[in-house]
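Trainee: Could you teach me how to read a structure like this one, feature by feature?
Mentor: Gladly, let us put it in front of us and begin.

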Amino acid sequence: MKKTMSVVFCIMLALTAVLAGCSSSNNNKPENQATGTGGASTAPSDTGEASHAPAVPEKYDPPITLTTASTVLAEKLPEGDSVDNNAWTRLYEQKYGIKIKTEFQADGATMPQRMNLAITSGDIPDFFQVPPAQFKQLVEADMVEDLTDVFNNYASERVKNVINEGGPQALKSATVDGKLMAIPYTSLPKEGVPILYVRSDWLKKLNLPEPKTMADVLAISTAFTEQDPDGNGKPDTYGLAMDKDYAYLKGFLNGFHAYQDIWIKDSEGKLQYSSIQPEMKTALQQLQNLFKGKQIDPEFGTKGFDKVLESLNTSKIGMFYFPFFAGLYPLQAGITKDPTMEWKPYPIVSVDDKPALNQLNLNVDTYWVVKKGVEHPEAILKMLDSFVEIFYENTDPDINTEFVNDGNSQIWAYANVQAYRAFKNINQRLKVNKSLETKDTSELTGDDKNVYDNVVKYLDGDINFWGWNFIYGPEGSLGVVSGYVERDQYMQNEFITSSLPIMTEKNAALLKLQNEMITKIILGASMDEFDKFVANWKKLGGDEITKEVNEWYAANN
Amino acid sequence: MKLKIKPNFPLHFMILPGFILVLIYSYGPMAGILIAFEKYIPTKGILHSKWIGFDNFEYMFNQPGIGRVFVNTVYIASMKIIAGLITPLIIALALNEIGRKYFKRLIQTLIYLPYFLSWVILSGILIDILSPSTGIVNHFLQWLGFEPIYFLGSNHWFPYVLVASNEWKEFGFSTIVYLAAITSINPTLYEAGVIDGANRIRQTWHITLPGMRPIIILLATLSLANVLNAGFDQVFNLYSTQVLESGDIIDTVVYRMGLENVQYGPATAIGLLKSVVSTFFISIAYYLAYRLADYRIF
């Protein structure tokens, strides 16, 4: 399931790539608590470096070479360019005197092993990104630089704003013993939370109200299963989507105030494991009812993510929980084949009068580390500054074509150091919608315009762009996300560091117990299985883990 | 025993590269056995990681439900060994009876093909054909009057599905070996048998099988090495939480442990355990073969 979630995140970020280039023009009023980019008005040639630190030349002379490692990208570079010779590397060399040399590359699936190899043999590049577990390994093996002063002194204002936009947890999670050991590669988890998607043509056909509460959702599920909404006379439709790794569960669970595998504060301020709380029992009972009522595919146990997506696109399932980009993936493929399908996005619903909160993990998936002993660690902050400037602030269409999107590929993906703002897509949608109303596109950046054009193409009748409108249009799924942000409908996972040793020891066994229990209950076992599981979980290591998590929490907060 | 190298020099030379490869890649890494007894941290290396004796083994044996996992492993692996001996034998004997040469060759090739398919592909196919709602196996069952069975979701059926599908994939290999053994039997023995009045069945029992005895014993002994190898590839691609009770094997447990962090220590410990057990069983089989069948394998 973890693997599925990282696939989801990768897809989310990849799709965010298609919406590249959110510029913060001076007219952009933040609709939420996001801190605006402070350096919005600096001209492109100003790096905005703080100057109260040991002087570091803007451009290194003689030029320095920094080695790195990266994942092979699907994006193609223009003719003649390569991973060590492209618009970005030439920029670094001309502006900063930094030459980039990529020591090795691997594809997304094998990169963890390749990196493990490099770490094990001690042969690591000068700077690169790693997930939390490897970050911890590197820190313990004392192989990476302390970046505390480097960040404080050399990170530009706009870089600091980007890193902090999602909250202080990002930097905290990269801090070990009070020292910042990496630059967090911040991402957009608040935008990636589940939305409830419902077949609206089925709703209309069966005369059902739109879902505002969990009771509505359960009623809709029953109706979708029993009242033959696809009109083919066969009982072959299901109410709710479910896959064998339980990747679709969060939205549903969160509606019951139950949370999957995170650590939340109890009434005494101590951290507890969410999956053993009584709300989880209620939610699972409900899933059991759904299964009994044949509202969930009885073969979900052998159906992975992709198979379930197939069922969605062939009108076999009527509701599912998925992040905001469902319009493009998976639904676009289904709509292109069957344009009569209609879907509508809704915020997740609650079982009572307390609003449902989306569970949220740390907004950092990987960390930028610098090998110990590298002479100019501040170099990566220069490169990061260029990225933030060009990706988020630039309005010059020529620079856009050269560095961000040349019409064929997302060139920005090749920038060697990156970090994302916490809210990008929802702001982009607002700008596009304003332009749709006023027909005035003068304030849109190159990529806002790209989105705008795609939405217009759909509105003019091209069904192949349905997904764009479904996400960014006036009633698009991102509107639901904006709502979440406005109402702060989030439950943050309080445990935001890499696994403690005790977790590494016990987690595999505990997760097995948990998954077995969930499956047994959904398939119809007595609810006592839940209580048995909780007792077992505590006995077999859960209590130990809880104690250590709280020790960590007390020491770090 | 004099070492006759000179006359056989070309043969020794031919085998030299393979020999060197085995030395480098199979014997050399044996030094890594030490990892099984250490709290191995990759960046510290084999020589500097903390020595913890049998703690890794203890850790594995203390995993909740590990008893059941061992039982599953041995049960599935044993069934596969037995099926893997009987099925190819019967098929080889049957194929031997086919007169038409081209037909025989055709069948030989066809049965060998599934051997080359990976479990990733086969599992996709199996999930489809065994589906209780859309699979052809269940359509057939329903046609016969039975209720559809959720094979891959039932703890009762899952081990048998594993064994049967694995056999279908693998039997081609051993069948070919047995067929080769059969063809090497001296035809004059058959002629003598016919003269004595033996029909086909008697011929098979008194000539063919004894003639194959060395090969059968060899394959049986080698297959005993797999008594703890229930087949990770296959199980991993076919299992789900519903069948953990009957389908979880040692290797899938180790795999899940490795997902959190790269746990070289416990994984090596299990690998070592499996090797030790395999060696033990092979030794017993070798000894039994010598005692009962007067046959030295090496």
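The dialogue below goes through chain contact, domains, helix packing, a sheet and some backbone geometry.

Trainee: What should I know before I start?
Mentor: This is a predicted model, where local features need pLDDT of at least 70, side-chain atom pairs count only at pLDDT 80 or more, and totals for chains, interfaces and linings use all residues. Residues are numbered from 1 along each chain as its sequence is written, while chains are lettered from A and ligands numbered from 1 in the order in which they are written.

Trainee: How many residues does each chain give to the contact between chain A and chain B?
Mentor: Two residues are in contact if their C-beta atoms, placed from the backbone, lie within 7 Å. Here chain B gives 20 residues and chain A gives 24 residues. On the side of chain B that touches chain A, the largest share is four residues from helix H12 (residues 250-260) of chain B. Helices (H or I, at least four residues) and strands (E, at least two) are DSSP runs, numbered from the N terminus. By class, that side of chain B has nine nonpolar, nine polar and two charged residues. Ala, Val, Leu, Ile, Met, Phe, Trp, Tyr, Cys and Pro count as nonpolar, Asp, Glu, Lys and Arg as charged, and the others, Gly among them, as polar.

Trainee: Which domains are assigned in chain A?
Mentor: Domain bounds come from an automatic or database domain assignment. For chain A that assignment lists domain 1 (60-190 + 364-414), domain 2 (195-360 + 461-492) and domain 3 (501-556). Taken over C-alpha atoms, the centres of domain 2 and domain 3 of chain A are 26 Å apart. Their contact takes 15 residues from domain 2 of chain A and 15 residues from domain 3 of chain A. On the domain 2 side, strand S10 (271-273) and helix H11 (278-292) of chain A are the elements that give two or more residues, and H11(A) gives the most, with seven residues.

Trainee: H11(A) sounds worth a look. At what angle does H11(A) pack on helix H20 of chain A?
Mentor: Two packed helices are described by the angle between their axes and the distance between the axes. Axes are lines fitted to C-alpha atoms, for helices over the stretch in contact, and angles run from 0 to 180 degrees between N-to-C directions. H11(A) and helix H20 (residues 501-523) of chain A pack at about 45 degrees, with axes 7 Å apart. H11(A) is therefore oblique to H20(A). Angles under 35 degrees count as roughly parallel, over 145 as roughly antiparallel, 65 to 115 as roughly perpendicular and the rest as oblique. Leu284(A), Leu287(A), Gln288(A) and Phe291(A) in H11(A) meet Ile518(A), Ile521(A), Ile522(A) and Leu523(A) in H20(A). This contact has seven nonpolar, one polar and no charged residues.

Trainee: Is the crossing of H3(B) and H7(B) left-handed or right-handed?
Mentor: A crossing is left-handed if the near helix is turned anticlockwise from the far one by less than a right angle, and right-handed if clockwise. Helix H3 (residues 66-96) and helix H7 (residues 158-183) of chain B pack at about 45 degrees, with axes 6 Å apart, and their crossing is right-handed. For a left-handed case, look at H16(A) passing H19(A).

Trainee: What is the strand order of the open sheet in chain A?
Mentor: Strands of a sheet pair through backbone hydrogen bonds, either parallel or antiparallel. Two strands pair if DSSP finds at least two bridges between them. This open sheet of four strands has the order S8-S11-S7-S12 (chain A), with mixed pairing. The edge strands, each pairing on one side only, are strand S8 (238-240) and strand S12 (343-346) of chain A. The twist averages 20 degrees from one strand to the next. S8(A) pairs with strand S11 (residues 317-322) of chain A in the parallel sense over two bridges, and Tyr238(A) has Ile317(A) as its bridge partner in S11(A).

Trainee: Which peptide bonds are cis?
Mentor: Most residues other than glycine have a negative phi, and most peptide bonds are trans. Cis bonds here include the one from Asp61(A) to Pro62(A), with omega near 10 degrees, and the one from Tyr329(A) to Pro330(A), also with omega near 10 degrees. Pro330(A) sits in the loop between S11 and helix H13 (331-337) of chain A. As for phi, Asp142(A) has a positive value near 55 degrees, in a residue other than glycine.
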